[in-house]
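Here is a quick tour for someone who likes to poke at coordinates. Have the viewer open and follow along.

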Amino acid sequence: MSQALRTRLFDELDALTLIDPHTHINPHAPAASTLADILGYHYYTELAHSAGMAKERIEEPGLDPKEKVGRLVERLAPLDNTIQYSWLIEIAQRFFGFTDEYLTPANWEQLYDTAVTKMRQPDWSRQVLAQTKLEAVFLTNDFDDPLEGFDTQVYVPCLRTDDLVFHLGKETVRQRLEKASATTVRDASTLRTAIGTLFQHFTSHGARACAISLPPDFSPCKVDPREADAAIQAVLRSGTAADDDQRRRVSNFVFWTLAEYCAEFELPFDLMIGVNRAVYPAGVYQGQDLYDSRVSLIQYRELFNAFPQVVFPISVLASVTNQELASYSWIFPNVVTHGHWWYSNTPTFIEHDAAARLEAVPRTKQIAYYSDMYKLEFALPKFAMYKRILAKILAQRYCIDRGWSEERAVALGRETLRGNVERVFYGQK
Amino acid sequence: MSQALRTRLFDELDALTLIDPHTHINPHAPAASTLADILGYHYYTELAHSAGMAKERIEEPGLDPKEKVGRLVERLAPLDNTIQYSWLIEIAQRFFGFTDEYLTPANWEQLYDTAVTKMRQPDWSRQVLAQTKLEAVFLTNDFDDPLEGFDTQVYVPCLRTDDLVFHLGKETVRQRLEKASATTVRDASTLRTAIGTLFQHFTSHGARACAISLPPDFSPCKVDPREADAAIQAVLRSGTAADDDQRRRVSNFVFWTLAEYCAEFELPFDLMIGVNRAVYPAGVYQGQDLYDSRVSLIQYRELFNAFPQVVFPISVLASVTNQELASYSWIFPNVVTHGHWWYSNTPTFIEHDAAARLEAVPRTKQIAYYSDMYKLEFALPKFAMYKRILAKILAQRYCIDRGWSEERAVALGRETLRGNVERVFYGQK
Amino acid sequence: MSQALRTRLFDELDALTLIDPHTHINPHAPAASTLADILGYHYYTELAHSAGMAKERIEEPGLDPKEKVGRLVERLAPLDNTIQYSWLIEIAQRFFGFTDEYLTPANWEQLYDTAVTKMRQPDWSRQVLAQTKLEAVFLTNDFDDPLEGFDTQVYVPCLRTDDLVFHLGKETVRQRLEKASATTVRDASTLRTAIGTLFQHFTSHGARACAISLPPDFSPCKVDPREADAAIQAVLRSGTAADDDQRRRVSNFVFWTLAEYCAEFELPFDLMIGVNRAVYPAGVYQGQDLYDSRVSLIQYRELFNAFPQVVFPISVLASVTNQELASYSWIFPNVVTHGHWWYSNTPTFIEHDAAARLEAVPRTKQIAYYSDMYKLEFALPKFAMYKRILAKILAQRYCIDRGWSEERAVALGRETLRGNVERVFYGQK
């Protein structure tokens, strides 16, 4: 009975047309062009590497896409238990008519060829969006992205700001900033002007969010303007060799300035909290980052209080931070829960974390899920995974444990999956 | 089958008459006098505020109770998913014959009027206790409460000590202490005498516990008497402006002294660990506190070792601390698990935390639940929520997973819900 | 249906012959000789003590084994809810034909006598291994163990190194090291030679792992050789009175040297992370240790990067560290998940932690379980507990949630329970 109930709820949720509020899609090449774009996703390369495949085999310069897929398929078996592997099989089955349970040295080539044929169709990305019932996907744009040549109603710009906050000491970043903003950065005032230009550019091109990922030890605070001047000048002078205090002060100044512009331009500020970069520097591309789960939202106390008018959709990297996220969203009007990020985007953690949010945070303040994908094909299996878990939670914890009707349960799912994306990012009531 | 089993177990547990070992009931006005006392509970005001309702609308000075309820009801819809909302509906249905699923602008007024009529009955609080099958409720008394004018068998005094430990620098607190104890506080010795007077007063009025809530960074230690003298004098001199070290020393001295008196007067010392006060100072009344989940019971190592004769019923604010609580209770004879506190008092966390305790801590050392309520009406839905979860755990993890009989499962539930309250707070074997 | 499925999966898993990759078995007396060896296990003595039994009653010098069992049985009732108690009953039922549900003052003596009779049979330990379907058990050997007089194919030596890393300041430890290595330790170089001799000795006697337990604040790093010399000389001079920095440096030097030898001798290095020793010094034997759950694998970043050729099977003491363990194993090729340790070896935590690992870590990198036992009789109930939970996870999260066949689910269980022990510790592909 519970199984049938889950299926009914899933079917209702699966009928929704969605907007994906965080991805890494390249709007100029949103879908995969070969299976190498699917199997080259860091989840597969890093897991294959973790299971023993040499980095050099995966990242050989000039490697032909088909050869790359062939090599990876040979080393996929050790990961066929993972949820990530299930995404791959679901893509193969749903988009390319694959009927096997495993991708193997014996069957991959036919899949590769079938996929290439489909991917070459000029409207392939539109087909993927349609089959996935995706209306729009949010991007992650470099701050100097021209934002031209694509439909910003479908591929929605978001201003990604990691470089500005953490890498302003790099010559290249400063040059990019000065060029994009047509401003010479000399001090706090000119840096602020330069950043304002970016917000002008992004919002005039339909940007819906400012976003950043943050390390566990980051604790934002407002910087005194004179101290900011001194720190910026030190960083302009010494670059990445400037001392830690000065660099931290610049990070804080830029971060706080971003929040101020989010207030001015009415942009939500997506915070993705908790990642340490390059913990395993010998790892494959994008497979080097990990984390220290000892982080607390108390570090953001000053920020949340200082900017009541800015909405902060928050993602946390570790499930142990999820209760804090639920509690802070329950108390702070401007804190909103946002998806299940990266190392917490696996069923056991999603189930625990989503269940905890659903029962304690106002239903208008929970953004259920985003795909974080690099290629459009991944939204289907990732959202399907989430919707299956949501259906399980709604069936077991609402319809059964709390006696809710199915209609009420589905309405809650619909609001968190779709309604709140409109509410938070499109300002709809 | 599992559903029917859960129902049978719940019915057995629900038949018990209980003692609620921690509440904030005012014994002179234990039950609500209008629905405003129900909807004014911080869970509703803070969630409504979090979902967008202005604090000024909720806390307007001189606001008529009925008007207040009307305003809140208009803004309740965004929280109708929460477990807290379900408490409200269960109160309305069980005490006032409400038959709808939601409280809305269309139906609230009738409920308000029905409730007022019932609440005006002179024995209303006794009716609520009877319907809830509550025999006694523990209070949270200010240290200078005269403890007179109520039946201390039903409304059991507990000495709450936050003010003494953390706010002795405030002039008003010192005056209240000197008045209540008829002692002039000049140094460690006179402070100790003053505190002893409070214990004398409370235990002679039937107090059953000393209690305190503690911030995550508190780490109790014994203070050298001469250092205590100096610190107390500094705080007497400079009040809240005394330096942090001196104030911390005074906190530690007072805390340690409380533990010594708990030993002498044979009172359990309830520790509620992990809250940061006023994290969101612009929040509604009682809706401003949050926490840093990075806390460890290792901070209480010296205390637990120094007072083997004192029982410490411990509540932790964050579910991530629950495993430590289970482990410390499993090892330390004087550590007892105590309820599911505040931000952990929602089904997903209760289920995980209670299950972990039940299977690893001696059954005689677990106090299942307390309501933490401000008005008597809340015990019914809160305990019902807990008992439903307990029935689920017992059904799934004991009867099914471990092959226990229903009788055995119910007996375990009975002991943790009722027996251990008697054992720990009434010294019954 | 789900129940029948679980049973079928369990039966398949339970049919496997296993190797237990971490125990504290004494190969010269592997099985219990009386029930006192069973009830004397720290889980029972510490829980009985926690529930109120005086340490002196348990640890009275010269106490007769039968008298000791009689005393403990009188105080067991308060723990009959615990999973540990269920191990005891399962041992009594499976090995000694006990048919009751509880061990009581009325029935223990007959069990005691039956057990003694069986335990006196000369092949008792072999009977236990056979009934448990255990092919080999890994030991925890002192670094100066002669490793003689037992079959190292069945009782597999492991070099335990806590004393070397943390207690080299103790005169007795240094003497044991010098004697075992026939080396006079004077500086980094001679200390390194002495340790190398131990690896030579252990590997020539079939050792399969080096192992250590580590406190939460340990953060290994490579020590400069000159600093190591100075620190070692300070510790040789002042012993445990040497200053903390010097002692920490010696710990780090020894630890790093162990890792280097693990690389050279191709031994996996078992890290058991997170225990604080003697938190409750008045506790019973082995019932004094607890932990601070604020620990992160980021502390091992330098180590994991420096020794890509060493496999690190990692156990974490607290469930809140389990997600990090899963993530680090997912990224680092040389990090492997290892069992469910001590305070996390209870069903609720195992279920959450194992589920999280199974879906995100390559299946070749997960060692499902070890018993940690001191007497052979405990492997049966402990592994049975684990296999029941694994069957539950596979039934609910794989067969039902993900549509896996039972064969596929059983194969995953088989690999993590048995295959990976061979892969990691026996170098089988």
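What follows goes from the symmetry to the interfaces, then to a few single residues.

## Symmetry

First, a caveat: this is a predicted model. Chain C drops onto chain A with an RMSD of 0.0 Å after a turn of 120° and a shift of 0.0 Å along the axis. That is what a three-fold axis does. The copies don't use matching patches, though: 8% of the contact residues of chain C recur in chain A.

Chain B behaves likewise, with a turn of 120°, a shift of 0.0 Å along the axis and an RMSD of 0.0 Å when laid on chain A. Here only 7% of the interface residues of chain B are also interface residues in chain A, so the copies meet through different surfaces.

## Where chain C meets chain A

This contact draws 37 residues from chain C and 46 residues from chain A. About 3,500 Å² gets buried between the two, and carbon and sulfur atoms give 52% of that area. On the chain C side, the residues that lose the most area to chain A are C:Gln323, C:Trp330 and C:Ile331, which together account for 22% of what that side buries.

On the polar side, the interface of chain C and chain A has 5 salt bridges and 31 residue pairs in polar contact, with both residues at pLDDT 80 or more. Which parts of chain C supply at least two residues each to the side that touches chain A? They are helix H14 (301-306), helix H15 (322-331), helix H16 (347-358), helix H17 (379-400) and helix H18 (406-425). H15(C) gives the most, with 7 residues. For a salt bridge to zoom in on, try the one between the side chains of C:Asp401 and A:Lys392, at 2.6 Å from N to O.

## Where chain B meets chain A

Now swing round to chain B, where 46 residues are in contact with 37 residues of chain A. This pair buries about 3,500 Å², with 52% of it on carbon and sulfur atoms. There are 5 salt bridges between chain B and chain A, and 31 residue pairs are in polar contact, both at pLDDT 80 or more. The elements of chain B that give two or more residues to the side touching chain A are helix H1 (2-14), helix H3 (42-50), helix H6 (83-96), strand S8 (290-291) and helix H16 (347-358). One of the salt bridges joins A:Arg408 and B:Glu101, whose closest N and O atoms are 3.0 Å apart.

While you're in chain B, look at helix H15 (residues 322-331), which is mostly covered: 10 of its 10 residues are buried. Among them are B:Gln323, B:Leu325, B:Tyr328, B:Trp330 and B:Ile331.

## A buried threonine

B:Thr82 sits in the loop between helix H5 (65-74) and H6 of chain B. Is B:Thr82 buried or exposed? It counts as buried, because its relative accessibility is 0%. Its side chain reaches the backbone oxygen of B:Leu79 at 2.8 Å.

Setting aside neighbours within four places in sequence, B:Thr82 touches residues of chain A, namely A:Glu359, A:Ala360, A:Val361, A:Pro362 and A:Arg402, as well as B:Leu47.

## Cysteines

How many disulfides does the structure hold over all chains? The count is 0. A:Cys221 is in no disulfide, and the nearest cysteine sulfur, that of A:Cys262, is 17 Å away. At 27% relative accessibility, A:Cys221 counts as partly exposed.

In chain C, the sulfur of C:Cys262 has its closest cysteine sulfur in C:Cys210, 4.1 Å away and so too far for a bond, given a cut-off of 2.5 Å. C:Cys262 is buried, at 1% relative accessibility.

## Positive phi

Most residues other than glycine have a negative phi. A:Lys133 has a positive one, near 55°. This lysine, A:Lys133, lies in the loop between helix H8 (124-132) and strand S2 (134-138) of chain A, and counts as partly exposed at 28% relative accessibility.

C:Gln286 also has a positive phi, near 65°. You'll find C:Gln286 in the loop between strand S6 (269-273) and H14 of chain C. With a relative accessible area of 24%, C:Gln286 is partly exposed.

Note on methods
Residues are numbered from 1 along each chain as its sequence is written. Chains are lettered from A and ligands numbered from 1 in the order in which they are written. This is a predicted model: local features need pLDDT of at least 70, side-chain atom pairs count only at pLDDT 80 or more; totals for chains, interfaces and linings use all residues. Side-chain values use heavy atoms; hydrogens and water are left out. Copies are superposed by least squares on the C-alpha atoms of residues with pLDDT of at least 70 in both. Contact means heavy atoms within 4.5 Å. Buried means under 20% relative accessible area, exposed over 50%, partly exposed in between (1.4 Å probe, protein chains only). Buried area is the accessible area (1.4 Å probe) that two parts lose on being put together, summed over both. A salt bridge is a side-chain nitrogen of Lys or Arg within 4 Å of a carboxyl oxygen of Asp or Glu. A polar contact is a pair of N or O atoms within 3.5 Å; within protein, one must be able to donate a hydrogen and the other to accept it, and residues adjacent in sequence count only if both atoms are side-chain atoms. Helices (H or I, at least four residues) and strands (E, at least two) are DSSP runs, numbered from the N terminus.
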